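Reader: Could you walk me through this model before I take it to the bench? I would like to start with the overall layout and then ask about single residues.

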Amino acid sequence: MAFSSCFCYSPILPKVSDENFKAHKLILAAHSPVFKAQFFGLVRDPSMDKVEVKDVEPFIFKVNIVLRSRLKIVLNMH
């Protein structure tokens with residue numbers, strides 16, 4: 001199986017309140033045990049391409065997932 005066709009390398013579209021994000025399953029799973037179980041656990045759905053995130057504001061989600069991921073990449077490059 002080619003890496004590009006593997007479900008774990010596919011993007012996902014998290015929806016937080018009324019805002020949509022583009023994300024990667026591996027990045028989300030690395031930051032959250034809930035996402036890890038949802039994407040790679042025993043009851044995973046390989047065809048899942050959208051997920052709704054509840055009980056968090058879009059800004060907080062963005063800071064915790066998107067910006068923190070970018071910061072780690074920048075810090076690891078130095």
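Author: What follows goes from the overall fold to the strands and then to single residues.

Author: This is a predicted model, in which local features need pLDDT of at least 70 and side-chain atom pairs count only at pLDDT 80 or more, while totals for chains, interfaces and linings use all residues. Residues are numbered from 1 along each chain as its sequence is written, and side-chain values use heavy atoms, with hydrogens and water left out.

Reader: Fine. How many helices and strands does the protein chain have?

Author: The protein chain has three helices and four strands, where helices (H or I, at least four residues) and strands (E, at least two) are DSSP runs numbered from the N terminus. Along the sequence, the pattern reads β-β-β-α-α-β-α.

Reader: And what share of the 78 residues is buried?

Author: Buried residues account for 31% of the 78 residues; buried means under 20% relative accessible area, exposed means over 50%, and partly exposed lies in between (1.4 Å probe, protein chains only).

Reader: Now the strands. Which strands pair with S1, and in what sense?

Author: Strand S1 covers residues 11–16, and two strands count as paired if DSSP finds at least two bridges between them. S1 pairs with strand S4 (residues 50–53) in the parallel sense over four bridges, whereas its pairing with strand S3 (residues 23–24) is antiparallel over two bridges. Strand S2 (residues 19–20) also runs antiparallel to S1, and two bridges join them.

Reader: Which residues of S1 stand opposite which partners?

Author: Pro-11 stands opposite His-24 in S3, and Leu-13 has Lys-50 in S4 as its bridge partner. Lys-15 stands opposite Asn-20 in S2 and also has a bridge partner in S4, namely Glu-52.

Reader: What about the faces of S1 and S4, which side chains are covered or buried?

Author: In S1, the covered face carries Ile-12, Pro-14 and Val-16, while Pro-11, Leu-13 and Lys-15 sit on the uncovered one. The side chains of S4 alternate as well, with Val-51 and Val-53 buried on one face, and Lys-50 and Glu-52 pointing to the other and not buried.

Reader: Back to Pro-11, is that residue buried or exposed?

Author: Pro-11 counts as exposed because its relative accessibility is 57%. The C-alpha atoms of Pro-11 and Lys-22 are 7.0 Å apart, although the two residues are eleven apart along the chain.

Reader: Which residues other than glycine have a positive phi?

Author: Ser-17 and Asp-55 are among them: phi is near 55° for Ser-17 and about 65° for Asp-55. Ser-17 belongs to the turn of the hairpin formed by S1 and S2, which has two residues between the strands, and Asp-55 is in the loop between S4 and H3.

Reader: How accessible are Ser-17 and Asp-55?

Author: Ser-17 has a relative accessible area of 43%, so it is partly exposed, whereas Asp-55, at 85% relative accessibility, counts as exposed.

Reader: Changing topic, what is the charge situation of Lys-25?

Author: Lys-25, found in helix H1 (residues 25–31), is buried but has no salt bridge, and the nearest side chain of opposite charge, Asp-45, is 7.4 Å away. Here Lys and Arg count as positive and Asp and Glu as negative, with His and the chain ends not counted, and a salt bridge is a side-chain nitrogen of Lys or Arg within 4 Å of a carboxyl oxygen of Asp or Glu.

Reader: What does the side chain of Lys-25 reach, then?

Author: The side chain of Lys-25 reaches the backbone oxygen of Met-48, at 3.1 Å.

Reader: And where is Phe-35 relative to Lys-25?

Author: Their C-alpha atoms are separated by 7.8 Å, with Phe-35 and Lys-25 ten residues apart along the chain. Phe-35 lies in helix H2 (residues 33–40), and it is buried because its relative accessible area is 8%.

Reader: Last one, which residues make the nonpolar surface patch?

Author: Phe-59, Ile-60, Val-63 and Leu-67 make a nonpolar patch of about 360 Å². Patches are made of residues with over 30% relative accessible area and no salt bridge, joining like charges within 9 Å and nonpolar side chains (Val, Leu, Ile, Met, Phe, Trp, Tyr) within 5 Å; accessible areas come from the Shrake-Rupley method with a 1.4 Å probe, and for residues only the protein chains shown count as cover. Leu-67 itself is in helix H3 (residues 58–77), and its relative accessible area is 40%, so Leu-67 is partly exposed.

How values were computed. Polar contact = N/O pair within 3.5 Å; in protein donor to acceptor, adjacent residues only side chain to side chain.
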